[in-house]
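Trainee: I would like to learn how to read the features of a protein model. May we go through one together?
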Amino acid sequence: MTKTTPPDVESEGRAARSLAALAGISAELASARALESTIDRALGTLRSFLDAAEVSLWLHTPTGLSRAWVAGAEDTTETEVRNGLRLGDGLTVVRDLEVAPVILGDRRVGALVVRTSRALGDEERMLLTALANLLAPELAHAERSRQLEVEVASRTAEIERGRRFTEKIIDSLPLGLYVIDREYRIQSWNRKRETGMQGVSREEAIGRTIFEILHRQPAEMLKREFEEVFSTGRMQEYQTESISSGEARTYRITKIPMRLGDGPVSHVITIGEDVTDWKEAQERFSQAEKLAAIGQLAAGVMHEINNPLATIAACAESLGYRIEDLEKAGVVLAPETHDFLGIIENEVVRCKQIVDGLLDFSRPKQARKERVDLNEVVERTLFLLKHHVRFKKLSVETDLDRTIGRVPQANSEQLVQVLMALLINAMDAMGERGTVRIVTRAGTDPKRGVFLDVVDAGHGIARSEVGKIFEPFYTTKAPGQGTGLGLSICYGIVQEHGGVIEVESVLGQGSTFRVVLPVVAT
Ligand SMILES: Nc1ncnc2c1ncn2[C@@H]1O[C@H](COP(=O)(O)OP(=O)(O)OP(=O)(O)O)[C@@H](O)[C@H]1O
Ligand SMILES: [Mg+2]
């Protein structure tokens, strides 16, 4: 500012420069994109107009401290500026501060603050007020966009929280779960799929195609399965066996179509659930049902068969007496007569054994129950078998845990019958030679409180046959050697005791039959 120019010329020149500055600022604001930098530039223009050396200038908004500080403003305190904001609607002078409120409608959105070492001229003040008015909508815009930014950030955080929550849910499921899109790319992969022998980490899986990750399954087959769900929109469910975890497990695989909106299937959710235990329980249940049906059938038929059997036995006995009488009287009979009679008696006994076996199913189970020590059951059985001619060549090893709990509600006669049936089977499997081991052990929990194992080194059982051996009348023994009732009776007795029979067998190596009984009342 030059002091030599006459006052009117000076003031005219100033007014012209004011207008030029205002036009510049206005043009800048009109083309404003990045509002904050534009405001900064507008303030810069004003400041250069007011004279850089003597003037500090800044814009203050209610949300923050001061924005758009310009050099020289640092020694003005925030309180001073804030006080300035509380002033009236017109341009106000607070000590050495001049404050022009920035007002939009009836709302004050900020204040334009100037500190000068000299009083501002009228044009300068007009320029300040005009700039404040120009800035009002821009500032409101800037504020709105900052609010939007905050809102977007908080929405994003909310969505992220929601995403984490959903992820936590699918991670907590005891199921393997993954989601693929139309391009077969994995979009979601839960924790269960990360664990286990075939586990793949989420980072590795997400974004890759399912064929790259599940390369154990033929890609063609996988594709066909997914294509079916994509095209039909129907859920698919099937069971599959896998030995990837080291033991044979059964999985139920479900493929569920998913749509984003009303359009076609956009994703497929695949769930894999280990249903091995469920399947076994199901099989046991159907086994129990079969036994119950046999029991009912047996109850009806046995009565009918017992009577004629008793009649045949009585007739055979009378015939025997008659023959004796005749022989005493000197009559010579055909030499086979005694043999035939013997055969009749033996066969009647055999029939009676079958009938009795079946009656074990059908008789109401009212055997007396008491606390029974499994080790005593083992000892009693071995004592009985010592006198059994078929057991003479067999050696029995025992490994009894004396600390096991007693079975609170058991019938030791029936348990002896079970162990005897298992030992006879073991002996049959080993060709009457070899060693059978009987082991007792404490179990894993009160419901599976004690284990009784019968371990043989016999011919074993084929995997495909294991499921059948507890079925009544299932036998691989020659006619007359076995009825196929032994194990089904054992099954019924053990089940009645609240326990289970389990079997592990390797063909050609031997079998282990395990009776598991509870040590709590069931
Ligand atoms: N320890 C074992 N080793 C190999 N196979 C066995 C063993 N125990 C049972 N099995 C198989 O299971 C079948 C059924 O056994 P289960 O005891 O029910 O009938 P069985 O022995 O044939 O006749 P029963 O016991 O009525 O005289 C047997 O025929 C045999 O094939
Ligand atoms: Mg048997």
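Trainee: In which sense do β12 and β14 run, and how many bridges join them?

Mentor: This is a predicted model, and in it β12 and β14 run parallel, joined by 6 bridges. One such pair can be followed residue by residue: Thr398 has Ile438 in β14 as its bridge partner.

Trainee: Where does α10 pack, and which strands does the helix touch?

Mentor: Helix α10 lies on the sheet, in touch with β12, β14 and β15. The direction of α10 makes about 165 degrees with that of β14.

Trainee: What is the order of the strands in the open sheet?

Mentor: There are 5 strands, in the order β12-β14-β15-β17-β16, and their pairing is mixed. At the edges stand β12 and β16 (residues 500-506), each of which pairs on one side only. Direction ignored, neighbouring strands are turned by 20 degrees against each other on average.

Trainee: How should I read the helix itself; what span does α10 reach, and what is expected?

Mentor: One compares the end-to-end distance with the span expected at 1.5 Å a residue. Helix α10 covers residues 374-386, 13 residues in all, and reaches 18 Å from its first C-alpha to its last, close to the expected 18 Å.

Trainee: Which residues of α10 are buried?

Mentor: They are Leu374, Val377, Val378 and Thr381. Viewed down the axis of α10, these buried residues fall within an arc of 100 degrees, so they line one face of the helix. The face turned away from that buried side carries the exposed residues Phe383 and Lys386.

Trainee: What covers the buried residues of α10?

Mentor: The cover includes the strands β11 (370-372), β12 (394-399), β13 (407-410), β14 (434-445) and β15 (448-456), together with helix α11 (412-429).

Trainee: Let us turn to β17. Why is this strand said to be largely enclosed by the rest of the structure?

Mentor: The reading rests on a count of buried residues: in β17 (residues 510-517), 6 of the 8 residues are buried, so the strand is largely enclosed by the rest of the structure.

Trainee: How many bridges does β17 form with β15, and how many with β16?

Mentor: With β15, strand β17 pairs in the antiparallel sense over 7 bridges. The pairing of β16 with β17 is also antiparallel, over 7 bridges. Thr512 illustrates both: this residue of β17 is the bridge partner of Val455, and Thr512 is likewise the bridge partner of Glu504.

Trainee: Which residue takes a positive phi in the hairpin of β16 and β17?

Mentor: That residue is Gly508, with a phi near 85 degrees; the hairpin has 3 residues between its strands. Another glycine to inspect is Gly233, just after α7, where phi is positive at about 70 degrees. Helix α7 itself (residues 219-232) has 14 residues and reaches 20 Å between its first and last C-alpha, close to the 20 Å expected at 1.5 Å a residue.

Trainee: How is a single residue judged; is Ile489 buried or exposed?

Mentor: One counts C-beta neighbours, and 20 or more within 10 Å make a residue buried. Ile489 has 22 C-beta neighbours inside 10 Å, and therefore counts as buried. Ile489 belongs to helix α13 (residues 486-496). Its C-alpha is separated by 8.9 Å from that of Ala421, although the two are 68 residues apart along the chain.

Trainee: And what of Thr254; with how many C-beta neighbours is this residue classed?

Mentor: Thr254 has 15 C-beta neighbours inside 10 Å and therefore counts as partly exposed. Thr254 is found in strand β9 (residues 249-258). Leaving aside neighbours within four places in sequence, Thr254 is in contact with Met235, Glu237 and Ile271.

Trainee: Which strands pair with β10?

Mentor: Among them are β6 and β9. Strand β6 (residues 176-181) runs antiparallel to β10 (residues 267-274), with 6 bridges between them, and Asp181 has His267 as its bridge partner in β10. Strand β9 is joined to β10 by 8 bridges, also antiparallel, and there Lys255 stands opposite Thr270.

Trainee: Finally, what pLDDT does the protein chain average?

Mentor: The average is 81, and 79% of the residues score at least 70. Over residues 64-73 the pLDDT is below 50, and this stretch has 21 contacts in the model beyond near neighbours in sequence. Residues 85-89 also have a pLDDT below 50, with 7 contacts counted in that way.

Notes
Residues are numbered from 1 along each chain as its sequence is written. Chains are lettered from A and ligands numbered from 1 in the order in which they are written. This is a predicted model: local features need pLDDT of at least 70, side-chain atom pairs count only at pLDDT 80 or more; totals for chains, interfaces and linings use all residues. Helices (H or I, at least four residues) and strands (E, at least two) are DSSP runs, numbered from the N terminus. The expected span of a helix is 1.5 Å times one less than its number of residues. A residue is buried if 20 or more other C-beta atoms lie within 10 Å of its own, exposed if 12 or fewer, and partly exposed in between; C-beta atoms are placed from the backbone. The arc is that of the directions from the helix axis to the C-beta atoms. Two residues are in contact if their C-beta atoms, placed from the backbone, lie within 7 Å. Two strands pair if DSSP finds at least two bridges between them. Axes are lines fitted to C-alpha atoms, for helices over the stretch in contact, and angles run from 0 to 180 degrees between N-to-C directions. pLDDT is the predictor's confidence in each residue, from 0 to 100.
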